[in-house]
Amino acid sequence: MKFFLDTADVAEIKSLVETGLVDGVTTNPTLIAQSGRRFKDAIAEICALVPGPVSAEVTATDLKGMLEEGRCLAKIASNVTIKVPLTLEGLKACRIFTNEGIKVNVTLCFSAAQAILAAKAGATFISPFIGRLDDIGETGMALIHQIVEIYGNYPTFKTEVLAASVRSPLHVVDAALAGADVVTLPPKVLRQLYNHPLTEKGISSFLADWEKTGQTILE
Ligand code: G3P
């Protein structure tokens with residue numbers, strides 16, 4: 001399972017890339033706004049930090065605009081992945097970008113039917129939004145299960161399932177159980193994954209006992 005970071009905060013990315021756990025980054029216009037950075041500068045900086053795919057989202061809603069913006073963003077670095085919304089125009093743009101050899105992340109997916117269309121349009125990634133479905137009383141994870149199963153039925157579908165709108169460690173574990181190829185994590189959730197009170201407690205008691213021995217490993 002690949003881990004992407006869902007943030008445009010360059011300092012956060014820099015520190016978490018050092019863990020060796022980060023395979024890519026996803027951004028969206030909200031995350032760029034939160035970063036306070038100029039979009040293209042932030043994407044260039046992130047692309048230099050992370051060798052894997054870095055999703056940069058178009059904001060045009062018409063095909064011509066999406067193509068212009070996407071081609072402009074794709075020039076920033078070879079690891080830029082263009083993010084397009086799951087609309088008819090977005091799907092058309094997806095097919096064109098894919099034919100041009102540009103990776104595409106089709107975002108704002110809320111149904112299995114939409115995910116089928118993205119695979120047919122040649123998307124590199126499909127981003128079903130788990131948390132936002134949970135927010136409206138649906139079960140976001142059920143959608144991940146459905147898409148993984150459907151894509152599994154068709155070996156010609158090469159699109160990877162990227163679980164997005166992830167809000168908790170449980171989402172990560174459940175997405176892994178469902179067989180999602182990628183999960184994109186807010187930095188907070190990545191930290192929650194490794195923090196465990198019993199680990200902290202175990203370290204404290206081991207160190208206390210070790211001190212009683214009076215030994216050092218490097219002696
Ligand atoms: O990857 C998409 C993600 O950024 C959306 O997350 O928490 O705003 O639903 P959220």
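How do the residues of the shell around the ligand divide into nonpolar, polar and charged? They come to 2 nonpolar, 3 polar and 3 charged. The tour below starts from that shell and then moves out along the chain. Keep in mind that the model is predicted.

**Whole protein**

Show the protein as a cartoon before selecting anything. Its secondary structure comes to 11 helices and 8 strands. Along the principal axes, the C-alpha atoms fill a box of roughly 70 × 35 × 30 Å. Of the 219 residues in the protein, 44% are buried.

**Stop 1: the ligand and its shell**

Select the ligand and display the pocket surface. The ligand sits in the largest pocket. Next, select the residues around the ligand: Asp6, Asn28, Phe129, Arg132, Ala164, Ser165, Arg167 and Thr184. With Phe and Ala counting as nonpolar, and Asp and Arg as charged, the split given at the start can be checked by colouring this selection.

Now turn to the oxygen atoms of the ligand and go through three side chains in turn.

- Asparagine 28: an N or O atom of the side chain is 3.0 Å from a ligand oxygen atom.
- Arginine 132: here the distance from a side-chain N or O atom to an oxygen atom of the ligand is 2.7 Å.
- Arginine 167: a ligand oxygen atom lies 2.9 Å from an N or O atom of this side chain.

The ligand taken alone exposes 300 Å², and the protein buries 81% of that.

**Stop 2: the loop between S7 and H9**

Stay at the ligand and select serine 165, one of the residues around the ligand. Serine 165 belongs to the loop that runs between strand S7 (160–163) and helix H9 (169–178). Its phi is positive, about 55°, although the residue is not a glycine. Is serine 165 buried or exposed? Serine 165 is buried, because its relative accessible area is 10%, and the cut-off for buried is under 20%.

Step on to valine 166, which is in the loop between S7 and H9 as well. Valine 166 has a relative accessible area of 3% and is therefore buried. Add phenylalanine 129 to the selection and draw a C-alpha to C-alpha distance. The two residues are 37 apart along the chain, and their C-alpha atoms are separated by 7.5 Å. Phenylalanine 129 is itself among the residues around the ligand.

**Stop 3: strand S5**

Select residues 104–109, which form strand S5, and pick out asparagine 105 within it. Asparagine 105 has 0% relative accessibility, so it counts as buried. What joins the side chains of asparagine 105 and serine 127? Show both side chains to find a polar contact of 2.7 Å.

In strand S5, also select leucine 108. Leucine 108 is not a glycine, yet it has a positive phi of about 60°. With a relative accessible area of 31%, leucine 108 is partly exposed.

**Stop 4: helix H5**

Select residues 88–99, which make up helix H5, and find phenylalanine 97. Phenylalanine 97 is buried, at a relative accessible area of 0%. For a distance across the model, add isoleucine 144. The C-alpha atoms of phenylalanine 97 and isoleucine 144 are separated by 25 Å, with these positions 47 residues apart along the chain numbering.

**Stop 5: helix H8**

The last selection is residues 140–153, helix H8, where glutamine 146 is found. Is glutamine 146 buried or partly exposed? Its relative accessibility is 42%, so it counts as partly exposed. Finish by adding alanine 180 and drawing the C-alpha distance. Glutamine 146 and alanine 180 are 34 residues apart along the chain, and their C-alpha atoms are separated by 11 Å.

Conventions: Residues numbered from 1 in each chain as written. Predicted model: local features only at pLDDT ≥ 70, side-chain atom pairs only at ≥ 80, totals over all residues. Heavy atoms only, no water. Near = heavy atom within 4 Å. Polar contact = N/O pair within 3.5 Å; in protein donor to acceptor, adjacent residues only side chain to side chain. Areas by Shrake-Rupley, 256 points an atom, 1.4 Å probe, with all protein chains shown as cover. 1 Å grid on protein atoms, 1.4 Å probe; cavity = no way out; pocket = protein on both sides within 12 Å on 5 of 7 lines; lining within 4 Å. Sits in = over half its atoms within 2 Å of the grid points. Helix = DSSP H or I, 4+ residues; strand = E, 2+ residues; numbered from the N terminus. Buried < 20%, exposed > 50% of the residue type's maximum accessible area, 1.4 Å probe, protein only.
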